[in-house]
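Visitor: Please show the model, and then explain how each descriptive term is justified.

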Amino acid sequence: MGLGLILLGVLVGYFRLPLTQYLLDQAAGSYQVPGFSAQISEISHRKLTIDKISAGDEGEITLDHLALEYDLLDLWQGGRLSIDVDGLKLSLDVTGEGPVWGTLDSLLSGGDKTGNDALPVLRFKPEITLNNSQLSINTEQGIAVLPFAAEVLGSSEDDLQGWMSFEGGTLAQHEPEEL
């Protein structure tokens, strides 16, 4: 029995990347995310890194790099969750010729969600950074491209502060303002 648990632990540790990749692909499949692809490049008890994320048959949402940093025990007790996003690209269509979110519209419109389908709420302190991001809006006059960067900090999931820049790149170092 003890040897079996040790062997199971070694196997899970050794195959943690392919196992996590499989679980991510299964989750995307169960939510019926069209055109989903992603590559998990790192997973540990403190960090999860996913690269080359794409969702939508026409790449309506793409992401070069996503890194989640956390302390598992601290996170469940309301600790910090750091989310670093680089290269987010969102494509919207406001011409009226098709859905705003394209092939992802049924997932992102949220009109038919019930209480049972909602994601669980975790009590944590989010720290979200978006760098080198871009919003492409297809209009009747053509495509408008807005580069942006953003940062969101919170002392809880209900108390958030945010900064956004439409100059692209990254946000300059700043200190939260006291009001």
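Guide: Let us begin with accessibility: a residue is buried under 20% relative accessible area, exposed over 50%, and partly exposed in between, with a 1.4 Å probe and protein chains only as cover. This is a predicted model, in which local features need pLDDT of at least 70 and side-chain atom pairs count only at pLDDT 80 or more, whereas totals for chains, interfaces and linings use all residues. Residues are numbered from 1 along each chain as its sequence is written, and side-chain values use heavy atoms, without hydrogens or water.

Visitor: Why is Asn132 called partly exposed?

Guide: The relative accessible area of Asn132 is 40%. That value falls between the limits for buried and exposed, so the term partly exposed applies. Asn132 belongs to strand β6, a strand being a DSSP run of E with at least two residues, a helix a run of H or I with at least four, both numbered from the N terminus. The phi of Asn132 is near 50°, a positive value in a residue other than glycine.

Visitor: What makes Gln32 count as exposed?

Guide: Gln32 has 66% relative accessibility, and is therefore classed as exposed. Its place is the loop between α2 and β1. Gln32 also has a positive phi of about 55°, although it is not a glycine.

Visitor: What makes a set of residues a nonpolar core?

Guide: The members must be buried Ala, Val, Leu, Ile, Met, Phe, Trp, Tyr or Cys residues, joined through side-chain atoms within 4.5 Å. The largest such core has 22 residues, of which Ile50, Leu66, Val85 and Leu88 touch the most other members. At least two residues of this core come from each of β1 (37-43), β2 (47-55), β3 (61-70), β4 (80-86), β5 (89-93), β6 (125-139) and β7 (142-154). As a general background, nonpolar side chains in soluble globular proteins tend to be buried together.

Visitor: Which residues is Ile50 in contact with, leaving aside its neighbours within four places in sequence?

Guide: Contact requires heavy atoms within 4.5 Å. On that basis Ile50 is in contact with Leu24, Ala38, Gln39, Ile40, Asp64, His65 and Leu66.

Visitor: How do you know that β2 and β3 pair?

Guide: Pairing requires that DSSP finds at least two bridges between two strands. Eight bridges join β2 to β3, which run antiparallel, so the criterion is met. Within this pairing, Leu48 has Leu68 in β3 as its bridge partner. The hairpin of these strands has five residues between them, and there Gly56 takes a positive phi near 105°.

Visitor: How many bridges pair β3 and β4, and how many pair β3 and β5?

Guide: β3 and β4 are antiparallel over six bridges, with Ser82 in β4 as the bridge partner of Glu69. For β3 and β5, also antiparallel, there are two bridges; this satisfies the minimum, so they are paired. Thr62 stands opposite Lys89 in β5.

Visitor: Why is the meeting of Arg46 and Asp71 called a salt bridge?

Guide: A salt bridge needs a side-chain nitrogen of Lys or Arg within 4 Å of a carboxyl oxygen of Asp or Glu. The N to O distance for Arg46 and Asp71 is 3.2 Å, so the pair qualifies. Arg46 lies in the loop between β1 and β2 and Asp71 in the loop between β3 and α3 (72-76), so the pair ties together parts that are 25 residues apart in sequence. Arg46 is partly exposed at 45% relative accessibility, as is Asp71 at 28%.

Visitor: How many salt bridges does the structure hold?

Guide: The structure holds three. One of them joins Lys47 to Glu69, with their closest N and O atoms 4.0 Å apart. That pair links distant parts of the chain, Lys47 in strand β2 and Glu69 in strand β3, 22 residues apart. Another joins the side chains of Arg80 and Glu127 at 3.6 Å, N to O. Here too distant parts are linked, Arg80 in strand β4 and Glu127 in strand β6, 47 residues apart. Arg80 is partly exposed at 36% relative accessibility, and Glu127 is partly exposed at 29%.
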